[in-house]
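Visitor: Please choose one part and take me through its surroundings closely. Give me the cut-offs as you go.

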Amino acid sequence: MIALEKVRQTLEELKLTTAASYLESRLQYAAEHELSYVAFLSDLLGAELEQRNKRQTEAKIHRAHLPYRKTFEEFDFTYQPTVDPKRIENLRAFAFIESASNVLLLGPPGVGKSHLAAALALEAIEVGYTAYFVSTNHLVNDLRTAQNDNKLDPVMKKYTRPKLLVIDEMGYTPMDCQAANLLFQLVSARYERGSVILTSNKSFADWGELFSDSVLATAILDRLLHHGEVMNIRGQSYRLKDKMKSGIYAVPAATVTE
């Protein structure tokens, strides 16, 4: 027992905390199954590595600022038939991240654009990529404040460093010239270096008005679409679906006239 405790303490000093906590149970398992020394060591270190990878993944998810943990299993493809499951499966292979390409999800509010973007970001993190999720308003305000405080470079790096940047809810608030120019700088900095997933409730034809500058809007779109895939999602809002189920939007009974 003294030797066992010494081994446990050594593992803890080496920061192999999972191996230290599993040591006794894994020794018992090895004895019961007559494992070789190498097999026992492989089993113990495998448990340590698995837990370490889980902790690292959790830390990356926390740093990504995902608004929620949405999965594709939770997405109702039957409710939104304009979303092709095969196209989603192709995106889940993450070739678009490897090639620094972009994905633009367009459609009215509530059709699942943010859900798909968050699910792609979550899976990308789980397979080893870095990601960051930000709403357009927060992004623009962050960049504007940084520029006004002469701290634009470090803040810009926060948004250019991840392999995948999700810019959510483009189009809800018009941008002034400063905001549009800052977004152009960011898109240009990521162009052919990192992927962007962008969700918007505005068609491309409306972007000139959105950015208060049609030339700048064209320049941003040019960089996003050059290596980009566009998905137009049409259909009713998921929030409307939930309310219909609860009876809030039940079809009123027909009026009978005599």
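**From one helix to the sheet**

Guide: Helix 1 (2–13), helix 2 (17–32), helix 6 (113–126) and strand 2 (131–135) are among the elements that cover the buried residues of helix 3. Contact means heavy atoms within 4.5 Å. Buried means under 20% relative accessible area, exposed over 50%, partly exposed in between (1.4 Å probe, protein chains only). Helices (H or I, at least four residues) and strands (E, at least two) are DSSP runs, numbered from the N terminus.

This is a predicted model: local features need pLDDT of at least 70, side-chain atom pairs count only at pLDDT 80 or more, and totals for chains, interfaces and linings use all residues. Residues count from 1 along each chain as its sequence is written, and side-chain values use heavy atoms, with hydrogens and water left out.

The buried residues of helix 3 are Phe40, Leu44, Ala47, Glu48, Lys60, Ile61 and Ala64. Helix 3 covers residues 37–64, 28 residues in total, so at 1.5 Å a residue it should span 40 Å. Its end C-alpha atoms are 40 Å apart, which agrees. The expected span is 1.5 Å times one less than the number of residues. His65 follows helix 3, with a positive phi near 60 degrees.

Two of the covering elements, strand 2 and helix 6, lead on to the sheet. Five strands form this open sheet in the order 2-3-4-1-5, with parallel pairing. Two strands pair if DSSP finds at least two bridges between them. Strand 2 and strand 5 (228–232) are the edges, each pairing on one side only. Neighbouring strands are turned by 15 degrees against each other on average, direction ignored. Helix 6 packs on the sheet and touches strand 1, strand 2, strand 3 and strand 4. The direction of helix 6 makes about 160 degrees with that of strand 4. Axes are lines fitted to C-alpha atoms, for helices over the stretch in contact, and angles run from 0 to 180 degrees between N-to-C directions. Helix 7 also packs on the sheet, touching strand 2 and strand 3. Its direction makes about 95 degrees with that of strand 2.

Now strand 4 (residues 195–200). Six of its six residues are buried, so strand 4 is largely enclosed by the rest of the structure. Ser195, Ile197 and Thr199 lie on one side, and Val196, Leu198 and Ser200 on the other. Strand 1 (residues 102–106) runs parallel to strand 4, joined by four bridges. Strand 3 (residues 164–170) also runs parallel to strand 4, joined by five. Ser200 is the bridge partner of Leu106 and of Met170.
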